[in-house]
Amino acid sequence: MKERVCVVGLGYIGLPTAAVLAARGMTVHGVEVNPTVVESINSGKAHFAEPDLDMLVQAGTQTGRLTAHPEPAPADVFIICVPTPLNAEHSPDMSYVHQATDAICPHIREGNLVILESTSPPGTTDWIAGRVAERTGLRPPAVMFGHAPERVLPGRILHEVVDNDRIVGGIDDQSTERMAEFYGTFARGTIHRTNARTAETTKLVENAYRDVNIAFANELSRLTESLDLDVWDVIEMANRHPRVNILSPGPGVGGHCIPVDPWFLVSADPSNTSLIQQARHINLEKPEWVIGRVAQLADRFKTPRIACLGLSYKPDVEDLRESASIEVIEGLRRRVDGEVMVVEPNLPHHPDYELVDLETALRRADIVVFLVAHTPFKRIPIAMLEQRVVVDTCGILRRRIAP
Ligand code: SAJ
């Protein structure tokens, strides 16, 4: 018999997961606190852009296997996919996980599996099991609990939900086995079994690893500037070594995960995370450094016209979460007495910025600042950049493709 699944939180992870499970024939009861999102999903539309998601949501709602509601319902498997943001002190705000746990408690029955997919500090799955026991009287092994971190890349979510390797960590062996069986019904990647605390920590470590490595590249971009060298040349040459693989510098680190998750490790053990903390600071300072450089170049012009190319947090997506480009653009608007034009080919419009089309911006600009390596920017003919001061924070000139 196909499982009944209750997915709590229909955001960037919950909705694609719910839609994939429905496509596999499961009955999915999605839970979302935002009524507009509930309405949108029930009418067959995703509330954010992600390749192929609309199609899958529409198919799920048409077959009746995917429905969205304000409240949870009884199910065989509960999946918690709610946000775990940072609070002002850089420690995790677990209030949504706590609310989601309390909301599912009245529906939990013996034999159920409760999965936490939200990125969480070590020990959260144990906390959920404790809370459920307190509220329902049901203790493991009567109910099973585990963490399965999501590791999908925005822009490729539907592929990666299915194709990525999965880590499943239960609070006991029975929970781990049950999770492996559940993920095995729709995941094509290898399923790696571990315990809940290891799974929770692994996810944080993956994103901290990326942050530390990007910080290294960002530090190199400043170092090479002061040595009057091209950072892209240095990285390209160094990466010819068989055991060196340096990432790319940029205007800063954006998105909802990499700038956030390392703090969860720092908050779990501040005294043993000095490298992780330093990397965070290096990446956080990068937009200000870019602003300073552009402002210095702008001094040459009476009323400088600056074209900022790219607003999203990474290439070829419309996602603006924690975008370093926005920080740079805001800083330039404050610092430079001139015109700051914003180009973002992935968005039709933006509430705060009047978007300028690429050609107009290039024609008008004295200074061109590449902030995101979007594909259309890689096609800009070099002749269109002549006579302009170019600040290339993301290596566009390196990554050019023939128009
Ligand atoms: N960036 C650089 N230089 C690089 C690579 C990235 O500056 O060489 C910047 C990007 O421009 C962007 C930020 O880092 O601003 C993050 O982009 P990303 O593409 O590296 O990662 P995300 O945030 O889109 O997704 C990450 C992924 N984690 C890892 O690759 C370890 C994804 O697999 C996770 O599922 C996701 O975080 C998440 O939800 O945690």
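This report describes the ligand site and the aromatic pairs of a predicted model.

## The shell around the ligand

The ligand is surrounded by 19 residues, and the closest of these are Val152, Lys203, Asn207, Ser248 and Tyr313. Sorted by class, the shell around the ligand comprises nine nonpolar, three polar and seven charged residues. Helix H8, which spans residues 196-226, gives the most to this shell, contributing five residues.

Residues of the shell come both from domain 1 (4-189) and from domain 2 (205-398), and the ligand therefore lies between these two domains.

## Polar contacts and burial of the ligand

Oxygen atoms of the ligand take part in contacts with side-chain as well as backbone atoms of the protein, as the following cases show. In the case of Glu150, a polar side-chain atom lies 2.9 Å from an oxygen atom of the ligand. For Val152, which is also one of the closest residues of the shell, a polar backbone atom is 2.6 Å from an oxygen atom of the ligand. Gly254 likewise places a backbone N or O atom 2.9 Å from a ligand oxygen atom. The ligand taken alone exposes 770 Å², and 85% of that area is buried by the protein.

## A stacked pair between two loops

The structure holds five aromatic pairs. One of them is formed by Tyr12 and Phe48, whose rings are stacked, with 4.4 Å from centre to centre and 25 degrees between the planes; the pair counts as stacked because its planes are under 30 degrees apart. Tyr12 lies in the loop between strand S1 (4-8) and helix H1 (14-23), while Phe48 lies in the loop between helix H2 (35-42) and helix H3 (53-63), so the pair ties together parts that are 36 residues apart in sequence.

The two partners fall into separate accessibility classes: Tyr12 has a relative accessibility of 29% and counts as partly exposed, whereas Phe48 is buried, with a relative accessible area of 11%. The cut-off that applies to Phe48 is 20%, because buried means a relative accessible area under that value.

## An edge-to-face pair and its cluster

Phe182 and Phe186 form another aromatic pair, which is edge-to-face, with 5.7 Å from centre to centre and 70 degrees between the planes. Both rings belong to buried residues, since Phe182 has a relative accessibility of 0% and Phe186 has one of 1%. Together with Tyr183, Phe182 and Phe186 make up one aromatic cluster.

Key. Residues are numbered from 1 along each chain as its sequence is written. This is a predicted model: local features need pLDDT of at least 70, side-chain atom pairs count only at pLDDT 80 or more; totals for chains, interfaces and linings use all residues. Side-chain values use heavy atoms; hydrogens and water are left out. A residue is near a molecule or strand if one of its heavy atoms lies within 4 Å of it. A polar contact is a pair of N or O atoms within 3.5 Å; within protein, one must be able to donate a hydrogen and the other to accept it, and residues adjacent in sequence count only if both atoms are side-chain atoms. Accessible areas come from the Shrake-Rupley method with a 1.4 Å probe; for residues, only the protein chains shown count as cover. Helices (H or I, at least four residues) and strands (E, at least two) are DSSP runs, numbered from the N terminus. Ala, Val, Leu, Ile, Met, Phe, Trp, Tyr, Cys and Pro count as nonpolar, Asp, Glu, Lys and Arg as charged, and the others, Gly among them, as polar. Domain bounds come from an automatic or database domain assignment. Rings of Phe, Tyr and Trp (its six-membered ring) pair if their centres lie within 6.5 Å; planes under 30 degrees apart count as stacked, over 60 as edge-to-face and the rest as tilted. Buried means under 20% relative accessible area, exposed over 50%, partly exposed in between (1.4 Å probe, protein chains only).
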